Every structure is written in structure tokens, then in C-alpha cells.
Amino acid sequence: PMITISSTLALSMPFFNTDYNQIVAMIDARRMEAFVQRFDRLGQSLQPIRPQILDDAFAEHLTNTAPKTICIGSGADKWQLPEVFHKNIEIRKNRHI
């Protein structure tokens, strides 16, 4: 039998049960937008997949919701995260499906 899982879940699975408090799967959309889904360290979805503008306000939100966050996927590849957020947010480049 086959089961279906979302692309964001597939991207995030290697990071479950690690030191990251929050895993943010990001799929490139257009300009500075991505389709985003957040998971906790146990793999529970914290939000459904939704479009997100990749700006300082989003980085601030991620910093306020978890002390250690990793962003992965093609959307993370293009995000130019401001230096001030590097302490709490890690961008993992080149993590494509």
C-alpha cells in the first residue's frame, strides 16, 4: 500500500527529534515569497502550508516562537536572512526534494 505525505513533511522529516525546536519547510513561490509549513521537533505540524513573504517580520516571528529554528527547502535557498537573526535561525541551503 502507498501512503501520501506532503512535500513539506518529506523535507522536514530528517530534522525531527534533533536539537531544533522548530523546523520550517519552505518551497519557493515567487519574488520573496515561499510556501511554508512549520513543525515542532516531534514532527507535529504547527501550521498548515501557506504562502509567506520572507521578510524581517517573518524572521522576528520565528525567533519569538522557538529558540532554535532551521529553515530548509528551495524557499530557504533564496532567503537573505538579516545577520541579527543568525543566532536563532539556521538556513540550510540546497535541500531540495
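Student: Setting aside neighbours within four places in sequence, which residues is Q52 in contact with?
Tutor: This is a predicted model, where local features need pLDDT (the predictor's confidence in each residue, from 0 to 100) of at least 70, side-chain atom pairs count only at pLDDT 80 or more, and totals for chains, interfaces and linings use all residues. Residues are numbered from 1 along each chain as its sequence is written, and side-chain values use heavy atoms, with hydrogens and water left out. Contact means heavy atoms within 4.5 Å. With those sequence neighbours set aside, the partners of Q52 are M32, E33, A34, V36 and F58.

Student: Is Q52 buried or exposed?
Tutor: Q52 belongs to strand β3, residues 50-53. Helices (H or I, at least four residues) and strands (E, at least two) are DSSP runs, numbered from the N terminus. Buried means under 20% relative accessible area, exposed over 50%, and partly exposed in between, with a 1.4 Å probe and protein chains only. At 14% relative accessibility, Q52 therefore counts as buried.

Student: Which side chain does a polar contact join to that of Q52?
Tutor: A polar contact is a pair of N or O atoms within 3.5 Å; within protein, one must be able to donate a hydrogen and the other to accept it, and residues adjacent in sequence count only if both atoms are side-chain atoms. At 3.2 Å, the side chain of Q52 has such a contact with that of R50.

Student: Turning to the cores, which element gives the most to the largest nonpolar core?
Tutor: A nonpolar core is a set of buried Ala, Val, Leu, Ile, Met, Phe, Trp, Tyr and Cys residues joined through side-chain atoms within 4.5 Å. The largest has 14 residues, and V24, M26, F58, L62, C71, W79 and I89 have the most contacts inside it. While β1, β2 and α2 (56-65) each supply at least two of its residues, the top contributor, with three residues, is α2.

Student: How many residues are in the second, separate core?
Tutor: In soluble globular proteins, nonpolar side chains tend to be buried together. Here Y20, I23, A25 and I70 are among the members of the second core, whose residue count is nine.

Student: How many aromatic pairs does a search of the whole structure find?
Tutor: Rings of Phe, Tyr and Trp (its six-membered ring) pair if their centres lie within 6.5 Å; planes under 30 degrees apart count as stacked, over 60 as edge-to-face and the rest as tilted. Across the whole structure, the number of such pairs is three.

Student: What is the angle between the planes of F16 and F39?
Tutor: F16 sits in the loop between α1 and β1 and F39 in strand β2, so the pair ties together parts 23 residues apart in sequence. Both F16 and F39 are buried. Their rings are 5.7 Å apart centre to centre and form a tilted pair, with an angle between the planes of 55°.

Student: How far apart are the ring centres of F58 and W79?
Tutor: F58 lies in helix α2 and W79 in the loop between α3 (74-78) and β5 (89-92), 21 residues apart. F58 is buried at 3% relative accessibility, and W79 is buried with a relative accessible area of 3%. Their planes meet at 35°, so the pair is tilted, and the distance between the centres is 5.6 Å.

Student: Over the face of which residue does K68 lie?
Tutor: A charge sits over a ring if NZ of Lys or CZ of Arg is within 6 Å of the ring centre and within 35 degrees of the ring normal. K68 is placed 5.2 Å from the ring centre of its partner, Y20.

Student: Which residue's backbone oxygen does the side chain of T18 reach?
Tutor: T18 is found in the loop between α1 and β1, and its relative accessible area of 26% makes T18 partly exposed. At 2.6 Å, its side chain reaches the backbone oxygen of F15.

Student: Near what value is the phi of N17?
Tutor: N17 lies in the loop between α1 (7-12) and β1 (22-28), and it counts as exposed at 61% relative accessibility. Its phi is positive in a residue other than glycine, near 60°.

Student: Where in the chain is confidence lowest?
Tutor: The chain averages a pLDDT of 91, and 96% of the residues score at least 70. Confidence is highest in β2, at a mean of 97, and lowest, at 89, in α3.
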